[in-house]
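Trainee: I would like a close look at one part of this model. Please set it in its wider context before going into detail.

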Amino acid sequence: MAENSYDIYRRGRQHFDLGDPIGAARVLAPLAEVEPRNRTVLELLGRSYFHSAQLAKAEQTFRRLIELNPCDAWAHIALARSLERQNRESEAAPHRRMHAIMSGGSLD
């Protein structure tokens with residue numbers, strides 16, 4: 001029996017929750033291709049990339065989340081942190097400011 005999208009997501013979530021972000025990304029990346037507008041999948045995929053230091057992929061995924069919803073404060077701070085870990089603070093600054101504005105002033 002073939003897995004449905006939810007089963008695949010759950011399997012990816014299990015990998016992530018067990019401290020295996022690389023395994024989670026391996027499971028979730030094909031699902032994100034099939035469901036490119038699924039923000040739940042993209043968020044966990046971006047987190048998986050971030051936690052496994054695949055920062056360029058994390059950046060790309062967080063940018064996709066912002067494209068889907070420019071008012072997603074979480075996606076802005078996640079993108080800012082991904083850029084900062086790549087020593088791109090000047091590119092991160094506008095996203096950190098957007099997060100601060102949307103979340104009531106916090107820069108974290």
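What percentage of the 108 residues of the chain count as buried? Then please take me through helix H4, residues 55-68.

Mentor: Keep in mind that this is a predicted model. Of the 108 residues, 40% count as buried.

Start with the whole chain. There are six helices and zero strands. Along the sequence the pattern reads α-α-α-α-α-α. The radius of gyration is 14 Å, and the globule rule gives 13 Å for 108 residues, so the chain is as compact as a globular protein of that length. Along the principal axes, the C-alpha atoms fill a box of roughly 50 × 25 × 20 Å. The chain exposes about 6200 Å². Carbon and sulfur atoms supply 52% of that area. Take the contacts between residues at least 6 apart in sequence: 42% of these join residues at least 24 apart.

Now helix H4. Its 14 residues run from 55 to 68. At 1.5 Å a residue, they should span 20 Å. The end C-alpha atoms are 20 Å apart, which agrees with that expectation.

Next, the buried positions. In H4 these are Leu 55, Ala 58, Glu 59, Thr 61, Phe 62, Leu 65 and Ile 66. Look at the spacing with helix geometry in mind. An α-helix has 3.6 residues a turn, so residues three or four places apart point the same way. The buried residues of H4 pack against three partners: helix H3 (39-51), helix H5 (73-85) and helix H6 (89-102).

Take the H3 contact through Gly 46. This glycine sits in helix H3. Gly 46 has a relative accessible area of 0%, so it is buried. Leaving out residues up to four places away in sequence, Gly 46 touches Ala 58, Thr 61 and Phe 62. Each of those three is on the buried list for H4. For scale, the C-alpha atoms of Gly 46 and His 15 are 14 Å apart, with their positions 31 residues apart along the chain.

Ser 82 gives the view from H5, the helix in which it lies. Ser 82 also has a relative accessible area of 0%, which means it is buried. Beyond its sequence neighbours up to four places away, Ser 82 touches Phe 50, Leu 55, Ala 58, Glu 59 and Phe 62. Ala 58 and Phe 62 thus appear in the contacts of Ser 82 and in those of Gly 46.

Phe 62 leads on to the core. In soluble globular proteins, nonpolar side chains tend to be buried together. Here the largest nonpolar core has 27 residues. Phe 62 is among those with the most contacts inside it, along with Tyr 9, Leu 28, Leu 31 and Leu 45. Helix H1 (5-17), helix H2 (21-34), H3, H4 and H5 each supply at least two residues of this core. Leu 31 shows another part of the packing. Residues up to four places away aside, Leu 31 touches Ser 5, Ile 8, Tyr 9 and Val 41.

Then there is the charged member of the buried list, Glu 59. Its relative accessible area is 10%, and the cut-off for buried is under 20%, so Glu 59 counts as buried. Side chains of opposite charge can pair when their charged atoms come close. Glu 59 meets Arg 63 in a salt bridge of 3.1 Å, N to O. The two are four residues apart in helix H4, so about one helical turn separates them. Arg 63 is partly exposed, at 31% relative accessible area.

Glu 59 forms a salt bridge with Arg 88 as well, with the closest N and O atoms 2.7 Å apart. This pair links distant parts of the chain: Glu 59 is in helix H4, Arg 88 is in the loop between H5 and H6, and 29 residues separate them. Arg 88 is partly exposed, with a relative accessible area of 22%. Salt bridges with shared partners join Glu 59, Arg 63, Arg 88 and Glu 91 into one network.

Set that beside the rest of the chain. A search of the whole structure finds seven salt bridges. One of them lies elsewhere, where the side chains of Arg 11 and Glu 3 meet at 2.7 Å, N to O. Arg 11 is partly exposed at 33%. Glu 3 counts as partly exposed at 39%. Glu 59, by contrast, is buried.

Technical notes:
Residues are numbered from 1 along each chain as its sequence is written. This is a predicted model: local features need pLDDT of at least 70, side-chain atom pairs count only at pLDDT 80 or more; totals for chains, interfaces and linings use all residues. Side-chain values use heavy atoms; hydrogens and water are left out. The expected span of a helix is 1.5 Å times one less than its number of residues. Buried means under 20% relative accessible area, exposed over 50%, partly exposed in between (1.4 Å probe, protein chains only). Contact means heavy atoms within 4.5 Å. A salt bridge is a side-chain nitrogen of Lys or Arg within 4 Å of a carboxyl oxygen of Asp or Glu. A nonpolar core is a set of buried Ala, Val, Leu, Ile, Met, Phe, Trp, Tyr and Cys residues joined through side-chain atoms within 4.5 Å. The radius of gyration is taken over C-alpha atoms; the globule rule is 2.2 Å times the number of residues to the power 0.38. Accessible areas come from the Shrake-Rupley method with a 1.4 Å probe; for residues, only the protein chains shown count as cover.
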